[in-house]
Structures are given as structure tokens and as C-alpha cells.
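This report describes one protein chain for a reader who has not met it before. It begins with the overall make-up and then turns to the helix contacts and a few single residues.

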Amino acid sequence: MKAAGALYPCGLTGLEQILLDMADGLYVQNDLSNDIWNRAQALLTMLQIMDVIIVSGFYNLVSAMLNVAKTRLEVGEENLPDHFHGKE
């Protein structure tokens, strides 16, 4: 599964790929497909899987709060470069 417009980097390790797939699944569907779950179980302990789910949820919570509060970047800080957003 890929998030809309996601560009997967080449050469990811199996661990890196499953972490990326888990983050995408949790962000897009708030769920993990059976395929992602099974691959995660093959590479991670149950505690590590729960850590990924919890960190993903916390990130979404903080992001939503900052967006709703219309939080601006600190002076001198820049947005991510366009290539992070699939723009070139």
C-alpha cells in the first residue's frame, strides 16, 4: 500500500520498508492490512509493533493540534523542500 503520491526510496532494508508501510497504512486507513501485519510480525516483536502504532497515533494527534491551532513555523525555519512533497 502506498499513500497517495508516496515515493518509496530505493534500497530500503526489510525493516525500513515495513516501518514505512506501517506508517502509510496507519495514516491512510488507521489500520494495517493482513499483509503488513504479517510482515511486521516476521520482523518485529509485539512490543515493537505496538510502539510503531503508538508513535504513529501520537504524531497524528500532535499534527492535528498544531494544524487546528494554525501554528506557524519559528522565525528562520523553512518548510520541507518540495521534493519531500512529490514536487520538483
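How many helices and how many strands are there in the chain? The model, which is predicted, has three helices and zero strands. Along the sequence these follow the pattern α-α-α.

**The chain as a whole**

The chain has 88 residues, and buried residues make up 16% of them. The area that the chain exposes is about 7,000 Å², and 59% of that area is supplied by carbon and sulfur atoms. Among contacts with a separation of 6 or more, 33% are accounted for by residues 24 or more positions apart.

**Helix pairs**

Two helix pairs are described here, and both include α3. The table sets out the packing values for each.

| Helix pair | Angle | Distance between axes |
|---|---|---|
| α1 (residues 14–29) and α3 (residues 46–68) | about 50° | 10 Å |
| α2 (residues 34–43) and α3 | about 130° | 8 Å |

Take α1 and α3 to begin with. Their packing angle is about 50°, and angles from 35 to 65 degrees fall outside the parallel and perpendicular classes and count as oblique; α1 and α3 are therefore oblique to each other. The crossing of these two helices is right-handed. On the α1 side, the contact is made by L19, M22, L26 and Y27. On the α3 side, the residues are I49, V52, I53, S56 and N60. By type, the residues of this contact between α1 and α3 divide into seven nonpolar, two polar and no charged.

The other pair is α2 and α3, which pack at an angle of about 130°. That angle makes α2 oblique to α3. α2 passes α3 in a crossing that is right-handed. From α2, the residues W37, A40, Q41 and L43 take part, and they meet M46, Q48, I49, M50 and I53 in α3. The residues of the contact of α2 with α3 divide into seven nonpolar, two polar and no charged.

Two residues of α3 appear in both lists: I49 and I53 belong to the contact with α1, and I49 and I53 also meet residues of α2.

**Single residues**

Which residue in the loop between α1 and α2 has a positive phi? N30 has its place in that loop, and the phi of N30 is near 55°, a positive value in a residue other than glycine. The relative accessibility of N30 is 64%, and exposed means over 50%, so N30 counts as exposed.

K70 lies outside the helices named above, in the segment after α3. The phi of K70 is near 55°, again a positive value in a residue other than glycine. K70 has a relative accessible area of 64% and is exposed.

Is G57 buried, partly exposed or exposed? G57 is found in helix α3, and with a relative accessible area of 38% G57 is partly exposed. Along the chain, G57 and A23 are 34 residues apart, while their C-alpha atoms are separated by 9.6 Å.

Notes:
Residues are numbered from 1 along each chain as its sequence is written. This is a predicted model: local features need pLDDT of at least 70, side-chain atom pairs count only at pLDDT 80 or more; totals for chains, interfaces and linings use all residues. Side-chain values use heavy atoms; hydrogens and water are left out. Axes are lines fitted to C-alpha atoms, for helices over the stretch in contact, and angles run from 0 to 180 degrees between N-to-C directions. Helices (H or I, at least four residues) and strands (E, at least two) are DSSP runs, numbered from the N terminus. Angles under 35 degrees count as roughly parallel, over 145 as roughly antiparallel, 65 to 115 as roughly perpendicular and the rest as oblique. A crossing is left-handed if the near helix is turned anticlockwise from the far one by less than a right angle, and right-handed if clockwise. Contact means heavy atoms within 4.5 Å. Ala, Val, Leu, Ile, Met, Phe, Trp, Tyr, Cys and Pro count as nonpolar, Asp, Glu, Lys and Arg as charged, and the others, Gly among them, as polar. Buried means under 20% relative accessible area, exposed over 50%, partly exposed in between (1.4 Å probe, protein chains only). Accessible areas come from the Shrake-Rupley method with a 1.4 Å probe; for residues, only the protein chains shown count as cover.
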